[in-house]
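Here are my notes on the model you sent, set out as numbered points. Please read them with the sequence and the structure open beside you.

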Amino acid sequence: QVSLVQSGGGSVQAGESLKLTCTASGRVVSTYSMAWFRRPPGKDREFLASITWNAGSTSYGDRMKDRITISRDKVESALYLQMDSLIPDDTAVYYCATKLVESPKWNAWGQGTLIVVSA
């Protein structure tokens with residue numbers, strides 16, 4: 001039932017930083033977990049990081065884990081992904097997602113935003 005709207009994508013050059021935003025609306029999200037995924041061209045979707053809305057407990061996947069920081073602002077109902085030292089291989093469509101903490105699968109998704117990193 002929650003609706004996720006993303007912003008912050010665009011085209012950047014290698015070495016630059018970018019911050020993505022995912023805003024949740026439609027319901028209280030305090031019982032949710034939220035996450036960032038990406039889908040590079042021609043590849044499957046990759047898990048980047050997740051965070052519990054209540055406690056702010058984070059989990060990072062292997063990809064980009066040393067170059068990204070996931071955070072959330074409960075007042076603004078916003079999820080963020082700070083990305084640093086971007087490389088051309090980071091070119092992908094980036095998605096935010098949410099689920100109930102107890103749910104095994106991510107079941108609500110943002111619309112996706114394209115990031116193109118040029119050498």
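1. I begin with Arg72, which is partly exposed, its relative accessible area being 22%; since buried is taken as under 20%, Arg72 does not count as buried. Please keep in mind throughout that this is a predicted model.

2. Arg72 belongs to strand β7, which covers residues 68-73. Once neighbours within four places in sequence are set aside, its contacts are Ile51, Thr52, Trp53, Asn54, Ala55, Gly56, Ala78, Leu79 and Tyr80. For Gly56, the C-alpha to C-alpha distance from Arg72 is 7.5 Å, although 16 residues separate the two in sequence.

3. Two backbone oxygens deserve attention around this side chain. That of Asn54 is reached by the side chain of Arg72 at 3.0 Å, and that of Thr52 lies 3.5 Å from a polar atom of the Arg72 side chain.

4. The strand that carries Arg72 is also part of an open sheet of four strands, ordered β1-β3-β8-β7, in which the pairing is antiparallel. Because β1 and β7 stand at the edges and have a single partner strand each, one side of each is left without a neighbour in the sheet. On average, and with direction ignored, neighbouring strands of this sheet are turned by 20° against each other.

5. At the other edge of the sheet, β1 (residues 3-7) pairs with β3 (residues 18-25) in the antiparallel sense over five bridges, and within this pairing Gln6 stands opposite Cys22 of β3. Which side chains of β1 are buried, and which are not? The side chains alternate along the strand, so that Leu4 and Gln6 point to one face and are buried, whereas Ser3, Val5 and Ser7 point to the other face and are not buried.

6. The largest nonpolar core comprises 27 residues, and those with the most contacts inside it are Leu20, Trp36, Leu79, Leu81, Met83 and Tyr94. At least two residues of this core come from each of β3, β4 (32-39), β5 (46-52), β7, β8 (78-83), β9 (92-100) and β11 (113-118), with β3 giving the most, namely four residues. In soluble globular proteins, nonpolar side chains tend to be buried together.

7. Leu81 is a useful residue on which to centre the view. Not counting residues up to four places away in sequence, Leu81 touches Leu18, Lys19, Leu20, Trp36, Leu48, Ile68, Thr69, Ile70 and Tyr94. Among these, Leu20, Trp36 and Tyr94 also appear in the list of residues with the most contacts inside the core.

Definitions and conventions: Residues numbered from 1 in each chain as written. Predicted model: local features only at pLDDT ≥ 70, side-chain atom pairs only at ≥ 80, totals over all residues. Heavy atoms only, no water. Buried < 20%, exposed > 50% of the residue type's maximum accessible area, 1.4 Å probe, protein only. Contact = heavy atoms within 4.5 Å. Polar contact = N/O pair within 3.5 Å; in protein donor to acceptor, adjacent residues only side chain to side chain. Pairing = 2+ DSSP bridges. Axes fitted to C-alpha atoms, helices over the stretch in contact; angles between N-to-C directions. Core = buried A, V, L, I, M, F, W, Y, C linked by side-chain atoms within 4.5 Å.
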